[in-house]
Amino acid sequence: MSWKILLFGAINLICTGFLLMWCSSTNSIALTAYTYLTIFDLFSLMTCLISYWITMRKPSPVYSFGFERLEVLAVFASTVLAQLGALFILKESAERFLEQPEIHTGRLLVGTFVALSFNLFTMLSIRNKPFAYVSEAASTSWLQEHVADLSRSLCGIIPGLSSIFLPRMNPFVLIDLAGAFALCITYMLIEINNYFAVDTASAIAIALMTFGTMYPMSVYSGKVLLQTTPPHVIGQLDKLIREVSTLDGVLEVRNEHFWTLGFGSLAGSVHVRIRRDANEQMVLAHVTNRLYTLVSTLTVQIFKDDWIRPALLSGPVAASVLNFSDHHVIPMPLLKGADDLNPVTSTPAKPSSSPPEFSFNTPGKNVSPVILLNTQTKPYGLGLNHGHTSYSSMFNQGLGVPGIGATQGFRTGFTNIPSRYGTNNRIGQSRP
């Protein structure tokens with residue numbers, strides 16, 4: 001296949017060289033505009049060679065999606081260059097209208113048939129997959145639409161021609177035939193009436209047909225390069241997403257994104273949230289099976305539903321804070337003397353205080369906990385002393401009395417603590 005493409009490329013270069021010499025000898029800008037189609041055939045052969053090279057390449061870690069977008073870029077560049085050539089012909093034709101040169105018809109008709117024969121032979125001999133796909137997927141040009149209207153009228157008279165002219169002709173074959181027809185008319189009018197201005201008019205017609213044929217293809221390939229979703233598959237993708245959302249175990253389908261990777265291939269990514277008891281591999285297999293009918297390259301991220309747990313701290317907690325044995329807890333300040341407290345019941349001696357269940361100004365309300373780091377860390381465990389401690393020793397350490405002792409433990413330290421339930425007195429203030 002590659003040697004065949006290279007052979008046609010070499011023949012194209014030879015034909016292009018002869019045609020450019022004939023364009024200079026005849027001084028015909030219409031033949032020059034038609035020769036640009038032969039140069040476009042050379043670009044199409046290069047695109048076909050790139051496509052053949054891509055089929056032999058496999059995705060790599062650097063290019064995880066493969067090299068399919070390279071042929072899209074080649075088609076876009078070829079069509080844009082053809083349109084630039086048509087704009088150059090329009091500019092030269094505008095200058096010729098001011099001063100029309102004499103046209104020599106000696107090689108005009110010969111060059112026309114040589115270019116037409118080679119262009120048709122190249123298109124019919126080599127299957128150019130990228131341009132074949134773009135010509136069918138892109139919107140029709142104005143030339144195709146007018147020819148289709150004429151073809152319907154003609155096929156109404158001769159039904160056998162419907163397989164050739166309908167639904168629409170190949171745009172490349174159509175522009176080659178239309179350009180050759182314009183050059184034949186130019187040759188006849190110059191030979192009969194020496195009407196040299198018809199050469200400039202034919203050049204403008206060929207340039208407009210070239211621009212109108214290449215523009216829809218460049219727009220389509222440009223949209224592929226911009227990673228857009230094809231309009232004709234949006235409805236099918238929405239239907240598949242709804243089907244995936246109804247699968248067993250699927251709670252939500254979100255962050256779905258689909259784009260065109262290459263000609264005829266879609267890529268996409270989707271996030272699927274499932275139940276905690278659902279089988280991840282089973283759900284992944286079902287989701288992939290549903291979407292693979294349209295999306296050839298698919299990335300599915302599945303995560304289980306996670307219940308929200310209440311946060312213990314109001315701010316972000318470092319990893320080292322999780323080890324409580326490595327931190328000191330601020331002890332409650334000594335609010336009253338030990339003489340005013342009953343060591344047996346660890347309650348205030350005076351019964352005049354209101355019951356705790358009727359106090360709404362609860363100690364610790366609207367006060368943020370404070371945790372301080374300890375410079376001495378322990379490598380293992382929480383640092384708890386296992387075993388019993390006598391009840392009397394607890395009183396000696398102050399653990400039996402609220403607010404006394406206990407410089408380390410699993411209690412939240414507060415900076416401002418009221419002296420008794422139901423009041424909001426600070427340290428050093430006398431109780432009424």
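1. Helices here are DSSP runs of H or I with at least four residues, strands are runs of E with at least two, and both are numbered from the N terminus. Phe 181 lies in helix α8, and with a relative accessible area of 56% this residue is exposed, where exposed means over 50% relative accessible area, buried under 20% and partly exposed in between (1.4 Å probe, protein chains only).

2. On provenance, the model is predicted, so that local features need pLDDT of at least 70 and side-chain atom pairs count only at pLDDT 80 or more, whereas totals for chains, interfaces and linings use all residues. Residues are numbered from 1 along each chain as its sequence is written, and side-chain values use heavy atoms, with hydrogens and water left out.

3. Phe 181 also belongs to a nonpolar surface patch, together with Ile 185, Met 188, Leu 189, Ile 192 and Tyr 195, and the accessible area of these residues together is about 620 Å². Patch members have over 30% relative accessible area and no salt bridge, with nonpolar side chains (Val, Leu, Ile, Met, Phe, Trp, Tyr) joined within 5 Å and like charges within 9 Å; a salt bridge would be a side-chain nitrogen of Lys or Arg within 4 Å of a carboxyl oxygen of Asp or Glu. The areas come from the Shrake-Rupley method with a 1.4 Å probe, and for residues only the protein chains shown count as cover.

4. Aromatic contacts deserve a separate point, as the structure holds 10 aromatic pairs, defined by ring centres of Phe, Tyr or Trp (its six-membered ring) within 6.5 Å, with planes under 30 degrees apart called stacked, over 60 edge-to-face and the rest tilted. One of them joins Phe 40 and Phe 131 in an edge-to-face arrangement, 5.5 Å centre to centre and with 80° between the planes. Phe 40 lies in helix α2 and Phe 131 in helix α5 (residues 129-137), so this pair ties together parts that are 91 residues apart in sequence.

5. The rings of Phe 40 and Phe 172 have centres 5.7 Å apart and planes at 25°, and the pair is therefore stacked; Phe 172 sits in helix α8, 132 residues from Phe 40 in helix α2. Phe 40, Phe 131 and Phe 172 form one aromatic cluster, in which Phe 40 is buried at 4%, Phe 131 is buried at 4% and Phe 172 is buried at 7% relative accessibility.

6. Two residues other than glycine have a positive phi: Asn 27, at about 60°, and Asn 194, near 55°. Asn 27 is placed in the loop between α1 (2-26) and α2 (29-55) and is partly exposed at 27% relative accessibility, whereas Asn 194, in the loop between α8 (171-193) and α9 (197-225), is exposed with a relative accessible area of 52%.
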